[in-house]
Amino acid sequence: MSGIDWSKMITADMQRELDHRRELEQLEHQHRQLERAQRGVPVSPPLAFPLPFLCDRCHSACGVISEDLIEAYFEGEQIACLSCSEATTLRRAVSATMTAPMAVFFGTVAAEMLGASTRVATLTIRKHEFTEVDFAALGVPADSTLLKVNYTPNGPIMPLETHGNEPVWEPRSKVFLYGMPLGDEDQAECQFSLLISYIPHSPEEASVCSLAQAYQLFLAGRWGQMAISAITGLELTLKQYLRAFAAGRNLEPKDKEYLTQVYPQFCDLYGFARPEDDLVERVLRLWGSRDRFAHTGRLPEGYSRDSAAGQLCAAILLFRHLRRSMSRLQTPISSEQAAASRSS
Ligand SMILES: [Zn+2]
């Protein structure tokens, strides 16, 4: 008498039910594991870590970004490298840092001119156990734009970010880390360093949000989308600040002409130093890249990571230049004031 093949007795409906139950069991198991996850508490208080920018010639640390340095750059001052003594500018050094060999740590440096911060903390991870890390508890506001998260183990256990059935691709404010042993060392736990660079959310400044998004896209190597976001942020700022001034002077600028025609007139009238030519040229190239990408889906031939870094850095500096000019005016200009200045 032959045995019964039970697998042939399972109907499609039964199979679906079994699959469903198995899936639920798996989800419950994952949930229980995550509930058991220990909360990652820093070994010592998290620290703010100002990123250095590097000399564009010798790649040694050249300084950290400060409001004074930005101001000096707009006034045409140069920086002397302490290592090789070559003169450079803030724009050149910061652009070069975005793609330098140490970019894995310092590549978000230009974002500091948009208000980005970097924090570092030391935490503990246990072998084969989950640790929950809430970035907000480390001082990173939950709605920030995350630019970089780096885990560096200080021992033989690697903290691996985990996910449920559906991987989450977007950066998130809370992570579950699994302690994956490296090699055969019998060590139950070790410390690891966590570095987070982020731009706090600015609900009142849509242009900062666009530029922050452009930075994320730059880091992801999506340069076409980066150009679109960066120019969206700049165009918004140029028009918001200069539309009334242009109207008062009977100018009818189209897009880039706000930068090439209206802004120089504005700077001259109020006695503000214009942004340096190299900066404007790079922003115009970024604008050209944006147009090309938006209309054809392709970037200009030979577009590289260096081009993207130089253009994004220039866009951020131009944004700062515009904001500086506006903050120097006691009150926003009206079209009547602009008309009066034209006739005077
Ligand atoms: Zn140098």
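## Helix α7

Helix α7 covers residues 257-270, 14 residues in all, and reaches 19 Å from its first C-alpha to its last, close to the 20 Å expected at 1.5 Å a residue. The model described here is predicted.

The helix is kinked: a bend of about 35 degrees lies at Tyr 263 in α7. The proline Pro 264 follows shortly after that point. Just after α7, the backbone at Gly 271 takes a positive phi of about 75 degrees.

## Burial and packing of α7

Tyr 263, the site of the kink, is also one of the buried residues of α7. The others are Tyr 258, Leu 259, Val 262 and Phe 266. Two helices pack against the buried residues of α7: α6 (223-248) and α8 (277-296).

## Domains

The domain assignment divides the protein chain into domain 1 (33-43 + 116-199), domain 2 (52-107) and domain 3 (206-343). Taken over C-alpha atoms, the centres of domain 1 and domain 2 are separated by 31 Å.

## Strand pairing around β8

Strand β8 (residues 130-134) pairs with strand β1 (residues 38-39) in the parallel sense, over two bridges. Between β8 and strand β11 (residues 174-181) the sense is antiparallel, and five bridges are formed.

Glu 132 of β8 takes part in both pairings: Glu 132 is the bridge partner of Arg 39, and Phe 176 in β11 is the bridge partner of Glu 132.

Definitions and conventions. Residues are numbered from 1 along each chain as its sequence is written. This is a predicted model: local features need pLDDT of at least 70, side-chain atom pairs count only at pLDDT 80 or more; totals for chains, interfaces and linings use all residues. Helices (H or I, at least four residues) and strands (E, at least two) are DSSP runs, numbered from the N terminus. The expected span of a helix is 1.5 Å times one less than its number of residues. The bend at a residue is the angle between axes fitted to the seven residues ending there and the seven starting there. A residue is buried if 20 or more other C-beta atoms lie within 10 Å of its own, exposed if 12 or fewer, and partly exposed in between; C-beta atoms are placed from the backbone. Two residues are in contact if their C-beta atoms, placed from the backbone, lie within 7 Å. Domain bounds come from an automatic or database domain assignment. Two strands pair if DSSP finds at least two bridges between them.
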